Amino acid sequence: GFSSRPWPYTIFQRGFDLVLGEQPSDKIFRFTYTLGEGMWLPLSKSFVIPPAELAINPSAKCKTDMTVMEDAVEVREELMTSSSFDSLEVLLDSFGPVRDCSRDNGGCSKNFRCISDRKLDSTGCVCPTGLSPMKDGTGCYDRHIGVDCSDGFNGGCEQLCLQQMVPLPEDPLLYNILMFCGCIEDYKLGTDGRSCQLISESCPEPGDCGEPRELPMNQTLFGEIFYGYNNHSQEGAAGQVLQGTVRQNNFARGLEQQLPDGLVVATVPLENQCQEELSDPTPDPEFLTGMVNFSEVSGYPLLQHWKVQSVMYHVRLNQLTISQSFSNALHSLDGATSRGDFMALLDQFGNHYIQEAVYGFEESCSIWYPNRQVQRQLWLEYEDISKASKSQLPSLDTGDAERSWCFLGDLDLLPLAQELRGTGSRMAAGGRVECRSRGRCPSSCPLCHVASSPDVPAEPILLEVTKAAPIYELVTNNQTQRLLQEATMSSLWCSGSGDVIEDWCRCDSSAFGADGLPTCAPLPHPILRLSTVHEPSSTLVVLEWGHSEPPIGVQIVDYLLRQEKVTDRMDHSKVETETVLSFVDDIISGAKSPCAMPAQVPDRLSSTISLIVRCLEPDTTYMFTLWGVDNTGRRSRSSDVTVKTPCPVVDDVKAQEIADKIYNLFNGYTSGKEQQTAYNTLLDLGSPSLHRVLYHYNQHYESFGEFTWRCEDELGPR
């Protein structure tokens, strides 16, 4: 975050006038802050993070005069001892110990060591050398030996997860929390150290109790977790990375199918399985880019999303053994293998393997409305239908009735879909609903449109990979691991045609264009679109695009925007005028672009850049084209928006003023005189101007009451 206290760092961000000896208010530099770097201030004894670019050499010399009041008669002055800190170590020592380790281990839990020296640790509680903190932070254990019972999966143990205090050989006063799996009575620990088998269990057939053989997992429940994963595209790979074996007694609650060895499944309680989301209507993003057929009368078409998700199982794989196919592929690689061979392995097996995932069911619907008026009208009609349905519901107890009404009144989209298809509404032209489902909905979830019958078990599908690790971590050969890691970085950031050097790509000799510039690290492609908030007017258009800064590879340092006025909207070769502006040199500075100004620049909360383009001619077609530019002058792929400005009969500034005036007249008690003034003001407006007044009123004062409804309420049907 940004900090200006207790020292005014902001003085370094602003310029300085040598003649006047003053600083302007505008900043010319931008600070960044890095966590983990900072200093202690002797005055407030607080830890302060200065900007990363700021070099601070603290002198930290204090000399304070203090007046001490002893009584009403005698006043004496005492000169406090002057403190001088020549180093950070001396300064930290002046604060005293971070903990009192002389009793109760300083308040540190279990086998944590108490440290009083704040230069060694700011918390005062550290794990003994070689041990790591448990996931719940209650103790320390050797993560190379045993399991962690606090990991949320019972340490991967099928039945019991046990703990034992073991003194450390180098210091008997310190100990390790050794955690291991155990079994209840009549069961014994399996060969994997986690599963439990009946002691009386005999082999069903000869040979079944030997070493388990590897099986393909593509037809097995939760089998996707054994296959590779591409974290860039977030898709599964075709190659099986981890070994899958199946025994007879690995089952999970609520599932009849046997599970592969080492697979731990945690079932989500039924009351937490069904979750729904209904988004607010927003302008359709596909409409805002390319050839935009904008109409000021109807406005933007809207898009709304509805989703119900049933997370049924959290799945984790504890037994990590590479598959035979992945092992064979690794053995064919050596130090002399080209990067292309490693890239082929990544294409087959992915660049990551899955550690944890969630499974369940998901159904989603996208609802398109031709404009906001239709969207409001349909929901009003739909609520009337839902209320009628509610009155016809059979008698239920209170809890069931509330749940049923919530489902029927707010989330059952089938009647709304029929409305949008035009079966019951004349205003539904252009509206549509598209729904899709993944998996089979469990019968316990009442929000699904298509639920499974109670006698057919739901088939969970992979919803999300919640934890994954790079595939090269599975490789034991150091040289092969390093080369596979380099190939993974190259595929992610350099298109597989270069090497990652710190935060940039060193392209191969074959990855250069005809202009001599490297092409292995493609520039981010910005998508130009109309603003989602501000619709075009007769003389003004607001454009926006997203700005991204990849941590590795080329970065966009500027944008070029071309503005063309075309006479034939379908034939872009008929261009009357053309202007190309640099966002950094022309628009931000304002030197060459009085008709273009930035409305929003990227910050910590948003990565969107928006631009106001003024001085346009009404009823005219304009084409805007955007390129990103890197520090070598190379351009990204272009993105364009073609839009026709509305007719000039509407003075948008005046419409805004009238909307404010109407709001002020309606706000509070409205007298007959104020009603007459509002009536005369609106009666003098033509239809286009009245529409713009309605638009601006609803943009700013809709919470006070929608414009048409409020006018009818104040002025009557006239």
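Hi everyone, let's start with one pair of residues: Arg529 stands opposite Glu544 in β28. Before I go on, please keep in mind that this is a predicted model.

So what surrounds that pair? Strands β27 and β28 pair in the antiparallel sense, over two bridges. They belong to an open sheet of four strands, in the order β27-β28-β32-β31, with antiparallel pairing. Which strands sit at the edges of this sheet? They are β27 (529-530) and β31 (596-600), and each of them pairs on one side only. If sheets are new to you, here is the background: strands of a sheet pair through backbone hydrogen bonds, either parallel or antiparallel.

Now follow the chain out of β28. In the loop between β28 (541-546) and β29 (558-566) you will find Ile556. Is Ile556 buried or exposed? Its relative accessible area is 8%, and because buried means under 20%, Ile556 counts as buried. Which residues does it touch, apart from its neighbours within four places in sequence? Ile556 is in contact with Leu523, Pro524, His547, Gly628 and Val629. There is also Arg634, which is 78 residues from Ile556 along the chain, yet their C-alpha atoms are separated by 9.4 Å.

Arg634 brings me to salt bridges. The count for this model comes to 15 salt bridges. Arg634 forms one of them with Asp630, and the closest N and O atoms are 3.6 Å apart. Both Asp630 and Arg634 are buried.

Next, look at Glu617 and Lys565, whose side chains meet in a salt bridge of 3.1 Å, N to O. Glu617 lies in the loop between β32 (608-613) and β33 (621-629) and Lys565 lies in strand β29, so this pair ties together parts that are 52 residues apart in sequence. The two partners are covered to differing extents: Glu617 is partly exposed, with a relative accessible area of 40%, whereas Lys565 is buried, at 11%.

The loop between β32 and β33 also holds Asp619, which forms a salt bridge with Lys644, the closest N and O atoms being 3.4 Å apart. Lys644 is in strand β34 (residues 639-644), so here the pair ties together parts that are 25 residues apart in sequence. Asp619 counts as partly exposed at 42% relative accessibility, and Lys644 counts as partly exposed at 38%. One more item on this topic: salt bridges that share partners join Arg339, Asp499, Arg506 and Asp508 into one network.

Let's move to a helix. In α2 (residues 324-331), the buried residues are Phe326, Ser327, Ala329 and Leu330. Where do they sit around the helix? They cover an arc of only 160° around the axis, which puts them on the same side of α2. A general rule helps here: an α-helix has 3.6 residues a turn, so residues three or four places apart point the same way. What do the buried residues of α2 pack against? They pack against β16 (235-240) and α3 (339-349).

Finally, a stop at the surface. Leu160, Leu162, Phe180 and Ile184 make a nonpolar surface patch of about 290 Å². One of these, Leu162, lies in strand β11 (residues 160-168). Leu162 is partly exposed, with a relative accessible area of 33%.

That's my tour. Thanks for listening, and do have a look at the structure yourselves!

Technical notes. Residues numbered from 1 in each chain as written. Predicted model: local features only at pLDDT ≥ 70, side-chain atom pairs only at ≥ 80, totals over all residues. Heavy atoms only, no water. Buried < 20%, exposed > 50% of the residue type's maximum accessible area, 1.4 Å probe, protein only. Contact = heavy atoms within 4.5 Å. Patch = residues over 30% accessible without salt bridge, like charges linked within 9 Å, V, L, I, M, F, W, Y side chains within 5 Å. Areas by Shrake-Rupley, 256 points an atom, 1.4 Å probe, with all protein chains shown as cover. Salt bridge = Lys/Arg side-chain N within 4 Å of Asp/Glu carboxyl O. Arc of directions from axis to C-beta. Pairing = 2+ DSSP bridges.
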